[in-house]
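Reader: I have a structure here that I would like to walk through with you. Could we take it one question at a time?

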Amino acid sequence: MSAEPTASPDADPGAQDAPAPDAPGQGAPAHAVPPPRALPGGGDQRLHRLVAIVVDKPGVLNRVASLMRARNFNIDSLAVSRTDREGLSRMTISLHGDDVAVEQAIKQLYRLIDILKVQDVTGEATVEHELAIVKVRVTDSNRAEVLKLVELTRGRVLDVAPDALIAEISGTEAEVDNFVACVRDFGIRELVRTGAVVMTRGGASIEEAVKR
Amino acid sequence: MTLTKGDAARPPGRGGRRSHVPGAGTEHAAAVEKAQREMLHEGGSTVAVRTAAHGSRQRIGADVVCEAILRQGVDVFFSYPGGVILPLYDVLGDYPELRHVLVRHEQGGAHAADGYARVTGRVGVCMGTSGPGATNLVTGIGTAMLDSVPVVAITGNVPSALIGKDAFQEIDINGITLPMTKHNYLVRDADELPRVLAEAFHIARSGRPGPVHVDITKDALQQETHAQHPTEDDVAAGLPGFRPTMGGNHRQLKLAAAEVARAERPVILAGHGVLHAGAEDELRAFAEKIGAPIAWTLLGVGAIDERHPLAYGFMGMHGWKHVNRAIQSADLLLAIGMRFDDRVTGNVRTYAPYARIVHVDIDPAEIGKNVAVEVPIVGDAKRVLAALLPMVDAVPAEGRAAYLEQLADWRRESEATSWHGSGAWRDGTLSADYVVQKIGELTDHEAIYVGDVGQNQMWLARYAGFRHPNTHVSSGGLGTMGFSVPAAMGAALGGTGREVWAITGDGGFQMTLQELMTLVQDRIPVKIALFDNKKLGMIRQWQEIIYAGNFHSAHLLGPDYLKLAEAFGMPAVKATRPDEVDDAIRFAQGVDGPALVWFEIAGEQNVFPMMPAGKGLSDLIEHWDGPDE
Ligand SMILES: Cc1ncc(C[n+]2csc(CCOP(=O)(O)OP(=O)(O)O)c2C)c(N)n1
Ligand SMILES: [Mg+2]
């Protein structure tokens, strides 16, 4: 999500306002000027990963997307799929924001009737994966170099043509970023990324935690 | 197949088709053709065949709608017919116990459902046809959303086979209402209607209330069905994602009790949630036990009888100075069922700078949204206050004597200003605060008062003198001009036994005055107090104070309202001097049915105090240009 402009005390004219005239100990001038009231949010921005279990119904994706837009949360990526449970879908929502703002996003998501469970797995032990498919421009002179690079980054070549090759890479978002950066200089003709999907490590299951 | 934007215009390939419907010969195309014929009433439809004896027809989707409304204990709804909702009108005659009010504009219907809901606590119901009927409902749905009012809005839509084809009067109304409803539905199958409607009412009324929209295709309204209505338990069980938290968490309650024990200058902030929960008794008992004054938001008016010694007053942008002062000097705010709206806090950075905050709300998303709080409690106001009461120590009167005395001083000081006991403003014209106060007095403060938006709304909240919950109705969150008359119409049909007054400005009145005809035709006894300053008064006030007197578009012509009322067949009277006010009010009270009182009030009176936008509660403007605003 984008930073709240008022989060910085310097940018906020209200912060310089005089103290309230009616301090609790009225008449006792010793009362210190109170600091500006803390606004919710305004903390450090970081990437959060939310896992949401939702009712598998048409329109749920639209509701989530609409809410995030209307409430001014910026989604980095959103991956949706069925689960193995009848009627349940899973969303992985990646967004930037401070912890308070993301907590707000979760609470707002819970207002949607079709949302059953939301978990912020940021900072938890997780496995995380994203898939990217890249069509890279190649020539006879550099094809070998690109193939080597794909191999080194544990990618896989899916298609080879005289002037291009398609490579697949999967891994964490950072690994995918890294691969994309490496091939960028050769020329990326097309790129598609699925957005991250995550799962917490260990035996705990968000699906099993859903009350039905 | 790949189409570029240019390609999309190419003609379709030729085949030996007899029909012009794309994909002819398929099941889908046949459904589309049938739906198109039905839209044109060319027969072949599944409309229940009417015989002379009504009882002999099939039960169809439209019957389910009527049954569902009646099962909710709702006996009236507000609607307007149109092509795709006609199947419903076709069966309405079979439900004489369900009163249908033919409004003159769907917006009026939505506000009426809202007003009905606010004074009865039941769910209000409004309906409209597809397309323009549905979009006309939108302002009313948004109004209910922002004020958390339980309303079920039902619209017809084109036959399901035509959805997505831009059929006549088709609009994606679900897409439009999505961000302004608690939930919405599109129903294409009559067998789903009992469940969906039961869910809609359940969601609208449970937890934090709010509007739910149900869009029903014409074919679903016409389809024969035997589906049974579910029980409340089945409905709740079928909504695993909707389990409002009612009771507060015990650990949080203990923290709140500890905050109360430490506080020397506590202030209770009562909001709409207190009224929704019916927590007035618990609120009073709590305030009395801890000796804390109660301030209220615009929608919290009526949470406590204003004559109660601890009832301190209306807060916020146009609230009382003493109330805002108390908040700014408090060391503890106990916020119950309110959401720290910007009209209440002003600049959050300077809001209540010495106070720790305990925030009770049924919606977790409200807590920590606008202000950071020390003790969040999620729960229903009534349940939380009842649980908290035995946990807090009683504070003897002496314990708070100095504090309460100071508050009383502040109050005397602030109530002495901005008041026109004589009824005359500067040039002898009628002062609005006086008129409002008179309306309160002559109705024994027992009526329901429905405000509009603007100066009249603030005067009403400040000066009418409220004694009972749910007797003040106002569009707080959306601030919808034109709300008052239609909402009062709904309130008057709520069966509360109270007289109903619509207080409106001349601008707002001119937005929805078509409903005068509904009032007259249906003999709905709303008394309208028109505050005619011949201005968009609140706009004029802002322009005077914030825009250096650049009064663009603030002056507003109006008709001769006596002639207007006469044309509608509504008794009316005009008052322009203080000594005419009492008689004018009594005249309206004496009319058996709706009546209009046209108060020609001062043109340039301001509502003071006023907190300019962006400023804090300590920056109130109290005078402008003269001492006697
Ligand atoms: C539908 C709508 N349009 C515009 C506004 C902005 N607005 C707020 S108060 C106001 C003036 C209201 O004038 P009037 O109804 O005469 O009431 P007064 O303030 O004069 O009492 C306006 C235009 C609004 N609240 N609602
Ligand atoms: Mg006006």
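**Chains, domains, cores and charges**

Author: Gladly, and let us begin where the two chains meet: between chain B and chain A there are 9 residue pairs in polar contact, both partners being at pLDDT 80 or more. Please keep in mind that this is a predicted model.

Reader: Which helix gives the most to the side of chain B that touches chain A?

Author: Strand S5 (183-187), helix H13 (321-329) and helix H16 (401-416) of chain B each supply at least two residues of that side. The one that gives the most, with 3 residues, is H13(B).

Reader: How much area is buried between chain B and chain A?

Author: The contact brings together 39 residues of chain B and 34 residues of chain A. On the chain B side, B:Leu178, B:Arg349 and B:Tyr354 supply 26% of the area buried against chain A, more than any other three residues. Carbon and sulfur atoms give 54% of the area buried between the chains, which is about 3200 Å².

Reader: Which side chains meet in a salt bridge across that interface, and at what distance from N to O?

Author: The search across the interface of chain B and chain A finds 1 salt bridge. A:Arg111 also belongs to a network of salt bridges that links it with B:Arg208, B:Asp363, B:Glu366 and B:Lys369. The side chains that meet are those of A:Arg111 and B:Asp363, with N to O at 3.2 Å.

Reader: Nice. How many salt bridges does a search of the whole structure find?

Author: Side chains of opposite charge can pair when their charged atoms come close. Counted over all chains, the salt bridges number 48.

Reader: Take B:Arg205 and B:Glu232: how many residues apart are they?

Author: These two form a salt bridge, with their closest N and O atoms 3.8 Å apart. B:Arg205 is partly exposed at 33% relative accessibility, and B:Glu232 is partly exposed at 36%. The pair links distant parts of the chain, helix H7 (residues 193-205) and helix H9 (residues 232-237) of chain B, and its members are 27 residues apart.

Reader: In the salt bridge of B:Arg262 and B:Glu259, is B:Glu259 buried or exposed?

Author: Both residues lie in helix H10 (residues 250-262) of chain B, 3 residues apart or about one turn of the helix, and their side chains meet at 3.3 Å, N to O. B:Arg262 has 54% relative accessibility, so it counts as exposed. B:Glu259 has 6%, so it counts as buried.

Reader: And B:Lys438, which pairs with B:Glu441: buried or exposed?

Author: The two meet in a salt bridge of 3.1 Å, N to O. They are 3 residues apart in helix H17 (residues 432-442) of chain B, so about one helical turn separates them. B:Glu441 is partly exposed at 33%, whereas B:Lys438, with a relative accessible area of 12%, is buried.

Reader: Where does the largest nonpolar core lie with respect to the domains?

Author: This core has 100 residues, and B:Leu269 and B:Phe599 have the most contacts inside it. H17(B) contributes the largest share, 6 residues. Residues come from two domains of chain B, so the core lies between domain 2 (250-413) and domain 3 (419-600).

Reader: How far apart are the centres of those two domains?

Author: Their contact takes 17 residues from domain 2 of chain B and 18 residues from domain 3 of chain B. Together they bury about 1500 Å², 62% of it on carbon and sulfur atoms. Across this interface there are 0 salt bridges, but 4 residue pairs are in polar contact, both at pLDDT 80 or more. Taken over C-alpha atoms, the centres of domain 2 and domain 3 of chain B are separated by 30 Å.

Reader: One last residue: which side chain does B:Thr217 join in a polar contact of 2.7 Å?

Author: B:Thr217 is in strand S6 (residues 212-217) of chain B, and at 0% relative accessibility it counts as buried. Leaving out residues up to four places away in sequence, B:Thr217 touches several residues, including B:Asn157, B:Ile163 and B:Arg188. Its polar contact of 2.7 Å is with the side chain of B:Asp219.

Notes: Residues are numbered from 1 along each chain as its sequence is written. Chains are lettered from A and ligands numbered from 1 in the order in which they are written. This is a predicted model: local features need pLDDT of at least 70, side-chain atom pairs count only at pLDDT 80 or more; totals for chains, interfaces and linings use all residues. Side-chain values use heavy atoms; hydrogens and water are left out. A salt bridge is a side-chain nitrogen of Lys or Arg within 4 Å of a carboxyl oxygen of Asp or Glu. Helices (H or I, at least four residues) and strands (E, at least two) are DSSP runs, numbered from the N terminus. Buried means under 20% relative accessible area, exposed over 50%, partly exposed in between (1.4 Å probe, protein chains only). A nonpolar core is a set of buried Ala, Val, Leu, Ile, Met, Phe, Trp, Tyr and Cys residues joined through side-chain atoms within 4.5 Å. Domain bounds come from an automatic or database domain assignment. Contact means heavy atoms within 4.5 Å. Buried area is the accessible area (1.4 Å probe) that two parts lose on being put together, summed over both. A polar contact is a pair of N or O atoms within 3.5 Å; within protein, one must be able to donate a hydrogen and the other to accept it, and residues adjacent in sequence count only if both atoms are side-chain atoms.
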